Amino acid sequence: MNLPLHPILVLLIFPGGLFLIASGLVYQWADRKLVARFQNRIGPRFIQPLADTIKLLAKEEIMPEGVHKGLFITLPIIALAAALTAGLYVPLFGFQPASSFRGDLILALYALSVLTLAMGLAGANTISSFSLVGATRTLTQLFSYEAPFLLSLLGPAIAAGTWQISEINTYAGQNLWLMIAQPIGFVVAMVGLMGKLELPPFDAPEAETEIVAGAMTEYSGRGYALFRLGKDVELVIGLTLVSAFYLGGLGNPLEFVIKTLALLLVLALLQTAFARLRIDQTVGLWWRAGALLAIIQLIAIVLGRNLGSIF
Amino acid sequence: MTTDTNKFVIPIGPQHPALKEPANFEFWVDGEIVTGASVRLGYVHRGIEKGAEARTWTQNLYLMERICGICSHVHATAYTLGVEKLAGVAAPPRANAIRQLMGELERIHSHMLWLGVAAHEGGFDSLFMYSWRDRETVMDLLEKISGNKVHYSANLLGGVKFDITPELAAEIHKGLDFLEERNKFYLKVITTDETFIGRTRGIGTMTTEKAEFLGAIGPTARASGIARDIRVDAPYLIYDQFPVKVMTHTSGDLHGRFIVRINETFESIRVIREILDHLPGGELTTRVPRRIPAGEAVSRVEAPRGELLYFVASNGSEKPERVKVRTPSLCNWSTVLSLAIGLKLADMPMLLSGIDPCFSCNDRSVGLKSANQDPQIWSWEKLRQYGIEYYR
């Protein structure tokens, strides 16, 4: 489905910008509510994420001692901007991406990584020991899940023969669901998404019982609100990408809602099922199992394509 | 422990999400590896021992119960046993049976609380939520017996307040069936869940010799293979008629401590059932004089965390001369500090909670910095004035 809208509107209001942020808050609520119900809790009310954001935006922002002031203020903005930029290249709400060119898959993924990188830098910018340990863990985790996650998204790209998100989306919509055709890639992508979003059990970078809030410990008020919004946007974009690639593409808004929520349900279930992994266990898991599985999947795809063309 | 200022220190506490009570731990880390640890306690010193000297023997019963919010009954029991020893009276068997029953119910509630807290420290929030939900069952049972969920006030000097009626016994049986089934499930979870085993097996392993050397007690020691339990070694109440088996484990690591505590829960359930089926008849109370004869007595009981020791001294008046309490958490701190070295920072919260610490229980005394000439003796007036000045 194509949107007859001016690019500025697309960027700022719909489907990017404000609407994307609003849906980020809704998905955050859905995630929290699902996890709470799985854990036999009541969970937050629908309005809670919005209320939290408004409260944080209205709060005084405390500038801790020993930080670089410019970085402290700009890093949250860069993080949110990077996440919103990534939103331009993915088929949000089932519409065609607002912007598209050959190879935008790489750009979208790296825009999402910029968010994580900004969080790591924000932690490293302070002198708080919790933040420093959190920053180290955030960046360590970034280097561990990034390769397998990228490889798992390259599977559909190779199958579709293009690195353009919109074309992969169309390809996925016309063919057998890639979740069935490339099951290993799907599993790696799901778990990679959890690592990217720092959801339990991969929440060592923000393990509250060890390092309070990790890299975010020194942030309060506006900066913290922007980082959180960036994370929420990342959640929506990540769900969009994986469901567009592996769940048969996103053709219209209804399909988008059903597929992403189904994926979120699985994510929430996985979040509740395990104890938190230590950072060394996370890295070990990714490089020993994740990367290996993704490479096996890639080899299988390449072999399948080449053998298919021979016969 | 050295105090090298170049070390990278991770402070845990006095205010930290991992701690539910205030205490200060400093872990020196090299990357993620812990190279040193220190502890500073005493944030919740409440002057209870001193307060006990100003109250009558009976009033103290309620004060002692408030030393701990989790094992309140066992504190009152230890105190009562000490006073009864001094007074030379023995509570009737039915009273002792009910005391023991309450104590074992309390152990179940304490161990399930600990299971949840320890799981939460390891980031396993589902287990935390489920075990605390099921723990409500045993708290409801305690409420049905005594009318209270936390401070039951079941003990009297020379007996107990509450009787166990047959209807109540049936309800307890029903609750125990549910708890046994749930705990079997938890045992299955902690022995089969891969991520949980990855966080607990081989972490903080303490050999039997080391546990002996560091003076570990309670489930922490029993997980290292030391079969030491006051309920068996020096039976009090009617533990000689309804004995418990000492649950030990040989691994000595965090995983062993989980298994020991869950097995102890099963053992408690078994003993409670036995007591309910063979509850001795007779009176609930006997008479205890208002003035306790002069003398000294030591009473030892097995609290959920280990051996709890009370020293009670009387000068023959209506009030105790001295009450000294040594809680089990105090004995286990050294195990945390010595096991921490070489582990990962991520293991610290679980290692800390592995001994089931209770900070407010063990904070006994504190040296006050003198703001006037007399460093040692502070009169009530001076202390009051100091407090007013301090918070002005």
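# Sheets, helices and cores

Q: In what order do the strands stand in the open sheet of chain B that includes E1?
A: Chain B has an open sheet of three strands with antiparallel pairing; strands (E, at least two residues) and helices (H or I, at least four) are DSSP runs numbered from the N terminus, and two strands pair if DSSP finds at least two bridges between them. At the edges are strand E1 (8-12) and E3 of chain B, each of which pairs on one side only. The order is E1-E2-E3.

Q: What pLDDT do side-chain atom pairs need in order to count in this predicted model?
A: Residues are numbered from 1 along each chain as its sequence is written, while chains are lettered from A and ligands numbered from 1 in the order in which they are written. The model is predicted, and totals for chains, interfaces and linings use all residues, whereas local features need pLDDT of at least 70 and side-chain atom pairs count only at pLDDT 80 or more.

Q: How many bridges join E2 and E3 of chain B?
A: Strand E2 (residues 24-30) and strand E3 (residues 33-40) of chain B run antiparallel. Within this pair, B:Val29 has B:Val34 as its bridge partner, and B:Phe27 has B:Ala37. The number of bridges that join E2(B) to E3(B) is seven.

Q: Which residue takes a positive phi in the hairpin of E2(B) and E3(B)?
A: The hairpin has two residues between its strands. A positive phi near 70° is taken there by B:Gly31.

Q: Which strands stand at the edges of the open sheet E6-E7-E8 of chain B?
A: This sheet has three strands with antiparallel pairing. Each edge strand has a single partner strand, so one side of it is left without a neighbour in the sheet. The strands at the edges are E6 (295-303) and E8 (320-326).

Q: Which residue stands opposite B:Ala297?
A: E6(B) pairs with strand E7 (residues 306-314) of chain B over nine bridges, in the antiparallel sense. Opposite B:Ala297, in E7(B), stands B:Val312.

Q: Are H6(A) and H7(A) roughly parallel or roughly perpendicular to each other?
A: The axes of H6(A) and helix H7 (residues 165-174) of chain A come within 9 Å and cross at roughly 75°, where axes are lines fitted to C-alpha atoms over the stretch in contact and angles run from 0 to 180 degrees between N-to-C directions. Angles under 35 degrees count as roughly parallel, over 145 as roughly antiparallel, 65 to 115 as roughly perpendicular and the rest as oblique. H6(A) and H7(A) are therefore roughly perpendicular.

Q: Is A:Ala98 buried or exposed?
A: A:Ala98 is found in the loop between helix H4 (69-87) and helix H5 (104-125) of chain A, and its C-alpha lies 8.2 Å from that of A:Gly16, although 82 residues separate the two in sequence. A residue is buried if 20 or more other C-beta atoms, placed from the backbone, lie within 10 Å of its own, exposed if 12 or fewer, and partly exposed in between. Because A:Ala98 has 21 other C-beta atoms within 10 Å, A:Ala98 is buried.

Q: How many residues of chain B are in contact with chain A?
A: Two residues are in contact if their C-beta atoms, placed from the backbone, lie within 7 Å. On the side of chain A, 24 residues take part. The number of residues of chain B in contact with them is 27.
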